Amino acid sequence: MEWMILPLKRYAQFTGRSTRREFWMWVVFLIIVSIVLSVLDGVLGLGGSNSVTHTSLAGPDATGFSYGATTHGGWLTGLFSLAVLVPNIAVSVRRLHDIDRSGWWILMPLAPYALGAILMAGAHAFIVAGLAVFLGFVGAIVLLVWYCLRGTPGPNRFGPDPLADMSDLNETFR
């Protein structure tokens, strides 16, 4: 639990480095709390919705069954998302620092959308929008891969190795 709330303790600290463990435990914490708050929003009638769907296809073209579940957050989930926006950006920046990359790279998935919005005035708006979505998706995949990479051993330009004083047992969680 300590690893999950560490980014809250370092709320707006955009300097330094964060390990893979700190980053991914934060992600798990966000997912768990968001699910719980989404369900509470739905139960309390605060704008959330929970639904489970079951579709049975009948007739000569029937191919089987379809199941689905969706949860959309309401007021509680929205307030929580707003409250953790700054620590979420901060831990993402520190994670990039751990692999010796600038924190500005977190904007990589958004840049194609901004460029696409500027170029949408042209006649080929559909093509530009499709290209922007594709490039944004590629940027998000690149960031995901970077978040999974092992941090640079020893100090780098963003600070000392956060695992330098820990035992070799924790080395696998870098």
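The legends below describe close-up views of a predicted model of one protein.

Residues are numbered from 1 along each chain as its sequence is written, and side-chain values use heavy atoms, with hydrogens and water left out. Local features in this predicted model need pLDDT of at least 70 and side-chain atom pairs count only at pLDDT 80 or more, while totals for chains, interfaces and linings use all residues.

**View 1. The whole protein has 6 helices and 2 strands.**
Helices (H or I, at least four residues) and strands (E, at least two) are DSSP runs, numbered from the N terminus. Read from the N terminus, the order of elements is α-α-β-β-α-α-α-α. Of the 174 residues, 30% are buried; buried means under 20% relative accessible area, exposed over 50%, and partly exposed in between, with a 1.4 Å probe and protein chains only. Contact means heavy atoms within 4.5 Å. Taking contacts between residues at least 6 apart in sequence, 67% join residues at least 24 apart.

**View 2. Helix H2 crosses helix H6.**
Two packed helices are described by the angle between their axes and the distance between the axes. Axes are lines fitted to C-alpha atoms, for helices over the stretch in contact, and angles run from 0 to 180 degrees between N-to-C directions. The axes of H2 (residues 20–44) and H6 (residues 125–148) come within 9 Å and cross at roughly 125°. H2 is therefore oblique to H6. Angles under 35 degrees count as roughly parallel, over 145 as roughly antiparallel, 65 to 115 as roughly perpendicular and the rest as oblique. On the H2 side the contact is made by Arg 20, Phe 23 and Trp 24, and on the H6 side by Leu 144, Tyr 147 and Cys 148. These contact residues divide into 5 nonpolar, no polar and 1 charged. Here Ala, Val, Leu, Ile, Met, Phe, Trp, Tyr, Cys and Pro count as nonpolar, Asp, Glu, Lys and Arg as charged, and the others, Gly among them, as polar.

**View 3. Helix H5 packs against helix H6.**
The axes of H5 and H6 are 8 Å apart, at an angle of about 170°. The two helices are therefore roughly antiparallel to each other. H5 contributes Pro 112, Tyr 113, Gly 116 and Leu 119 to the contact, and H6 contributes Val 128, Ala 132, Val 133, Leu 135, Gly 136 and Phe 137. The residues of this contact divide into 8 nonpolar, 2 polar and no charged.

**View 4. Helix H4 is mostly covered.**
H4 (residues 85–98) has 14 residues and reaches 20 Å from its first C-alpha to its last. This is close to the expected 20 Å at 1.5 Å a residue, where the expected span is 1.5 Å times one less than the number of residues. Of the 14 residues, 10 are buried, including Pro 87, Val 91, Arg 94 and Leu 96. The buried residues of H4 pack against helix H1 (2–9), H2, helix H3 (75–83) and H6.

**View 5. His 97 and Arg 17 are in contact.**
His 97 is found in H4 and is buried, with a relative accessible area of 7%. Its side chain reaches the backbone oxygen of Gly 16 at 3.0 Å. A polar contact is a pair of N or O atoms within 3.5 Å; within protein, one must be able to donate a hydrogen and the other to accept it, and residues adjacent in sequence count only if both atoms are side-chain atoms. Leaving aside neighbours within four places in sequence, the residues in contact with His 97 include Phe 14, Arg 17, Asn 156 and Phe 158. Arg 17 lies in the loop between H1 and H2 and is buried, at 4% relative accessible area. The side chain of Arg 17 reaches the backbone oxygen of Thr 152 at 2.5 Å.

**View 6. Asp 100 has a positive phi.**
Most residues other than glycine have a negative phi. Asp 100, just after H4, takes a phi of about 65°. Asp 100 lies in the loop between H4 and helix H5 (111–119) and is partly exposed, at 31% relative accessibility.

**View 7. Leu 8 touches Pro 87.**
Leu 8 lies in H1 and is partly exposed, with a relative accessible area of 35%. Leu 8 and Pro 87 are 79 residues apart in sequence and 6.1 Å apart in space, C-alpha to C-alpha. Not counting residues up to four places away in sequence, Leu 8 also touches Trp 26, Phe 29 and Val 84.
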